[in-house]
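Please take a moment to look over the sequence and the model shown here, and keep both in view while you read the paragraphs that follow.

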Amino acid sequence: MFQIKAMIRGSKVKEAAPSAVEALRRYRDIQTRPGVTACSVMKGGVLVGQAELVSAATVEDLRAKSGI
């Protein structure tokens, strides 16, 4: 489970995502909103970098397509 946390115009926003693919989608969606001052993704209380999130999402996507 991934947690996406953001500050938008001084308000805290928290969203949950069950997979890296969904977390990446929500992270990118939040970043495009006007007034976003900070946005981060965490998994198990550990901060996940954007490159690591993209890598995990790519692996999940490849596994889903191959049926593994």
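In what order do the elements of the chain run from the N terminus on? In this predicted model, they follow the pattern β-β-α-β-β-α, which comes to two helices and four strands. The C-alpha trace of the chain spans about 45 × 25 × 20 Å along its principal axes, and residues 24 or more positions apart account for 51% of the contacts with a separation of 6 or more.

From this outline we can turn to the interior. Of the 68 residues of the chain, 22% count as buried. The largest nonpolar core holds 15 residues, of which Phe2, Ile4, Ala23, Ile30, Cys39, Val41 and Leu53 touch the most other members. Strand S1 (2-8), helix H1 (20-31), strand S3 (36-43) and helix H2 (50-66) are the elements that give two or more residues to this core, and H1 supplies the largest share, with five residues.

Leu53 is a useful place to pause, and if its neighbours within four places in sequence are left aside, this residue is in contact with Phe2, Ala20, Ala23, Leu24, Tyr27, Val41 and Val48. Among these partners, Phe2, Ala23 and Val41 appear, like Leu53, in the group of core residues that touch the most other members.

Finally, consider the outside of the chain, which exposes about 4500 Å², with carbon and sulfur atoms supplying 55% of that area. The chain also carries 11 positive and 6 negative charges, and the mean positions of these two sets are 6 Å apart.

Methods: Residues numbered from 1 in each chain as written. Predicted model: local features only at pLDDT ≥ 70, side-chain atom pairs only at ≥ 80, totals over all residues. Heavy atoms only, no water. Buried < 20%, exposed > 50% of the residue type's maximum accessible area, 1.4 Å probe, protein only. Contact = heavy atoms within 4.5 Å. Areas by Shrake-Rupley, 256 points an atom, 1.4 Å probe, with all protein chains shown as cover. Lys, Arg positive; Asp, Glu negative; His and termini not counted. Charge placed at Lys NZ, Arg CZ, Asp CG, Glu CD. Core = buried A, V, L, I, M, F, W, Y, C linked by side-chain atoms within 4.5 Å.
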